[in-house]
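Hello,

Here is the structure I promised to send over. Have a look at it first, and my notes follow below.

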Amino acid sequence: MKITITYNDKFKCKWYHCTDGNHTYSSPHLSNVEVWRDDRIANADYHKELAELHDKACAEYYASKTRWDNYTGD
């Protein structure tokens, strides 16, 4: 995971960003982004399991809907 740097004109400072899959963390402090990145790397199995549980829960929710109760979140 690569840490990228952008400049925020509103706050007049650098912002650091790191992305892992669909998750992005940003902070004006490099150390915060490094801690987040290191946690994602060290606990990759845990985060993968959470993502799988989330996907299964979403699938179960939509599978439980009927023709008369077809909420899709739109």
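A patch here joins residues that have over 30% relative accessible area and no salt bridge, with like charges joined within 9 Å and nonpolar side chains (Val, Leu, Ile, Met, Phe, Trp, Tyr) within 5 Å. A salt bridge is a side-chain nitrogen of Lys or Arg within 4 Å of a carboxyl oxygen of Asp or Glu, and accessible areas come from the Shrake-Rupley method with a 1.4 Å probe, where only the protein chains shown count as cover for residues.

Please keep in mind that this is a predicted model, in which local features need pLDDT of at least 70, side-chain atom pairs count only at pLDDT 80 or more, and totals for chains, interfaces and linings use all residues. Numbering runs from 1 along each chain as its sequence is written, and side-chain values use heavy atoms, without hydrogens and water.

On the surface, Tyr46, Leu50 and Leu53 make a nonpolar patch of about 300 Å². Leu53 sits in helix H2 (residues 44–63), helices being DSSP runs of H or I with at least four residues and strands runs of E with at least two, numbered from the N terminus. Leu53 is partly exposed at 47% relative accessible area (buried is under 20%, exposed over 50%, partly exposed in between).

The whole structure holds 3 aromatic pairs. Tyr25 and Trp36 are stacked, because their ring centres are 5.7 Å apart and their planes at 15° (centres within 6.5 Å make a pair, using the six-membered ring of Trp; planes under 30 degrees apart are stacked, over 60 edge-to-face, the rest tilted). This pair links distant parts of the chain, 11 residues apart: Tyr25 in strand S3 (residues 23–27) and Trp36 in helix H1 (residues 30–42). Trp36 is buried at 17%, while Tyr25 is partly exposed at 28%.

Best wishes

Note on methods. Buried < 20%, exposed > 50% of the residue type's maximum accessible area, 1.4 Å probe, protein only.
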